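The exercises below are meant to be worked through with the sequence and the coordinates open side by side. Each task is followed by a solution that proceeds in steps.

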Amino acid sequence: MRTVEAEASPDPFDVRLALGAPPLLVDFNVAGVLSAADVHVALRLGRIGGDSDPQMLLAAALAARAPRLGHVCTDLAMIRETVAVDADVPADPLGLPWPQLQPWIAGLSRGPLVAMDSDPAVDRPLRLVGTRLYLDRYWRQERQVAADLRVRAEQPADSVDVEVLASGLARLFDGEQPDQQRLAAGSAVLRRFAVVAGGPGTGKTTTVARILALLDEQAFAAADGSPPRVALAAPTGKAAARLEEAVHHEAGHLDVSKTVRGRLLALEASTLHRLLGWRPGSRSRFRHHRGNRLPHDVVVVDEASMVSLSLMASLVQAVRAGARLVLVGDAEQLASVEAGAVLGDIVGPCSQGLLLRPDARASLAAAAGHEVAASTPPAGAAIGDGIVVLRRVHRFGGGIAALAQAIRQGDADAAVEALRAGRDDVRWIDTDVAQDAGRQALAPVREAVVAAGRQVVEAARAGQARAALDGLGAIRVLCAHRRGHYGVVAWRAQVEAWLGAAIDGYAAGGGWYVGRPLLVTANDYGLRLYNGDIGVVVAAGDGRYPAVFERRGELVEVSPTRLAAVETVHAMTVHKSQGSQFESVAVLLPDPTSPILTRELLYTAVTRARQRLILVGGESSVRTAVERPIARASGLREALWSSHISDRP
């Protein structure tokens, strides 16, 4: 009997439906659990393997669905209670004909498509480990990342001069004890694998510059004096450019020798794909891999929360065994748009405090010059020896910091209390922006946007490019969605309407009007513009109207005719805002039914604001977001923090 009933028969011409599939798969497809693509992948696998059992095909479709939604695998024991649906009229997934767990797993274990447990010699399209079902490719990548990181974390770095390190730490870090930045830098020098984690404004990139200076000092103290070969990288061109700029900025005032400062100022950053040597269409994908490793002695990767499992697998196998790998990022931000929440899995329980083995704790204490408060990790888990999470916020405080902490801790009551506290830096408009009454309550957003827009336009018309760019950073409207009532497209039009009504002659002169704010949407290595860069069209005199961007503190003019991928940036998605901050931010929350309304999305949005936050959304949306952490199915955390996992890559 079919358990999913619709008010009308499914549309046979709806491309979202795979109505020719077995009835069990059709039920899950019509309910919005499976896409047509998931179903077709499962049917193809069934034909290849000669298995037409509906429960096997359902499992295969769920495994194909997982990476599409950011999961590495599907936990068959949890999927019934945790699955989300995507349909015009959402169905209750609990009412679907889910197979009984134990008979389902037993049937899968006997099928020709599924390899069991952790024997890499068996090559089948699906892999069942306990109740976790993987596409085999993702199981192998997860296993490889865990094995490579466990081996790398097990041993300290070679030939560290602790006296030189202690002297450098004391000189470069003079904060109150315990100074987490000092501990993070010390760990990165002492270990071959380190993580510098923390939220915006906690000093991550400041710490990175000091780590690199300390490593240079180690090299100069060694017998041969050869400086380390350093690679700076990030998942996106924009993040790479910001990492490079931050290191150069810090190098300008560090208490280091002229030689060390010169080397820091000479460093350049690239995307991870460029570092690894992207080769489209090749079997290995990258020029650097386990058989042809990177030549660098130190590899630093910023915005590591955005690195997917597949990209992390390519990275860790390409770093030489004796080299240092330092990951930098915020494990509590939004994860990669592709499969995996790798940084979050790596940091794991270290988010609650240091977890160091006795030898690592003693070495760090000797370098830091004081006792290190840390707990003992699970038996056999060395991964925590190099992980430090920075918590002290230097960039913002008051209501924004209190709200961010409540969100991070998953405390909805505290989050609502912080919003209602009436702090100068936080304003809450408790309304649904999709409703007419909600839009009428947006006067504070309109006033802030119009004030900033007027500053941008007036400066751009006067040819004052620097002032125009500064105006762009005054406020940013952030949306969870790209389309729909809560999306960027709708609110970009709304902001343009506000500006057109308030500023004489606004948007006159065609598509490249003076004062138009621009967002680069694709990397252009020729122009050295990267996805996420922001610029503005200005009147430069002599009849010229270039687009102006900032690069390493300098203004760069680009003819608009050379810009192939840009859009107007009156509003942007929270995902696109990662790695950026603005003086003020207006966050427009969707209603509680939005599947992307999560704790990580709200935390990321709130922490984009330096000075002032305007949060627009009902209390139910706020509570839903705080209480709904992203739960990406993965076995990586267990593999890194358990003692029974094999270290074979």
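Two strands are taken to pair if DSSP finds at least two bridges between them. The model used throughout is a predicted one.

**Exercise 1. Determine how strands S5 and S10 are related, and place them within their sheet.**

Step 1. Strand S5, which covers residues 193–198, is joined to S10 by four bridges, and the two strands run parallel. Since at least two bridges are required for pairing, the four found here make S5 and S10 a pair. Within this pairing, valine 195 has isoleucine 387 of S10 opposite it.

Step 2. The sheet that contains both strands is open and has six strands, in the order S7-S6-S8-S9-S5-S10, with parallel pairing. Strand S7 (269–271) and strand S10 (387–390) are at the edges with a single partner strand each, so one side of each is left without a neighbour in the sheet. On average, neighbouring strands of this sheet are turned by 20° against each other, direction ignored.

Step 3. Helix H9, made up of residues 204–221, packs on the sheet and touches S5, strand S6 (230–234), strand S8 (298–301), strand S9 (324–329) and S10, while its direction makes about 155° with that of S5.

**Exercise 2. Describe the open sheet whose order is S1-S4-S3-S2, and the helix that lies across its strands.**

Step 1. Four strands form this sheet, and their pairing is mixed. Strand S1 (74–75) and strand S2 (114–116) are the edge strands, each of them pairing on one side only.

Step 2. Strand S3 (residues 126–129) and strand S4 (residues 132–135) run antiparallel and are joined by four bridges; leucine 126 stands opposite leucine 135 in S4.

Step 3. Helix H3, residues 54–68, lies across S1, S2, S3 and S4, and runs at about 70° to S4.

**Exercise 3. Work out how strand S19 is surrounded, and which β-α-β unit it belongs to.**

Step 1. Of the seven residues of strand S19 (residues 582–588), six are buried, so the strand is largely enclosed by the rest of the structure.

Step 2. Strand S12 (residues 475–479) runs parallel to S19 and is joined to it by five bridges, with leucine 478 opposite valine 587 in S19. Strand S20 (residues 609–616) also runs parallel to S19, and six bridges join these two; there, serine 584 has arginine 612 in S20 as its bridge partner.

Step 3. Together with helix H23 (residues 599–606), S19 and S20 make a right-handed β-α-β unit.

Step 4. Leucine 478 appears again in the surroundings of serine 577, which, leaving aside its neighbours within four places in sequence, is in contact with Leu478, Met572 and Arg608. Serine 577 is found in helix H22 (residues 574–577) and has a relative accessible area of 0%, so it is buried. A polar atom of its side chain lies 2.7 Å from the backbone oxygen of valine 574.

**Exercise 4. Decide whether serine 159 and glutamate 303 are buried or exposed, and examine their phi angles.**

Step 1. Serine 159 lies in the loop between helix H6 (136–154) and helix H7 (162–172); its relative accessibility of 77% is over the 50% cut-off, so serine 159 counts as exposed. Glutamate 303 is placed in the loop between S8 and helix H13 (309–318); at 14% relative accessibility, which is under the 20% cut-off, glutamate 303 counts as buried.

Step 2. Phi is near 55° for serine 159 and near 50° for glutamate 303. Both angles merit attention because most residues other than glycine have a negative phi.

**Exercise 5. Assess where the coordinates deserve caution, beginning with the mean pLDDT of the protein.**

Step 1. The protein has a mean pLDDT of 86, and 92% of its residues reach 70 or more. Confidence is highest in S8, at 96, and lowest in helix H18 (residues 436–440), at a mean of 66.

Step 2. The pLDDT is below 50 over residues 1–7, a stretch with nine contacts in the model beyond near neighbours in sequence. It is also below 50 over residues 644–649, where 16 such contacts occur beyond near neighbours in sequence.

Step 3. Where pLDDT is low, the predicted coordinates should not be read in detail.

Technical notes
Residues are numbered from 1 along each chain as its sequence is written. This is a predicted model: local features need pLDDT of at least 70, side-chain atom pairs count only at pLDDT 80 or more; totals for chains, interfaces and linings use all residues. Side-chain values use heavy atoms; hydrogens and water are left out. Axes are lines fitted to C-alpha atoms, for helices over the stretch in contact, and angles run from 0 to 180 degrees between N-to-C directions. Contact means heavy atoms within 4.5 Å. pLDDT is the predictor's confidence in each residue, from 0 to 100. Buried means under 20% relative accessible area, exposed over 50%, partly exposed in between (1.4 Å probe, protein chains only). A crossover is right-handed if, with the strands pointing away from the viewer, the path from the first strand over the helix to the second runs clockwise. A polar contact is a pair of N or O atoms within 3.5 Å; within protein, one must be able to donate a hydrogen and the other to accept it, and residues adjacent in sequence count only if both atoms are side-chain atoms.
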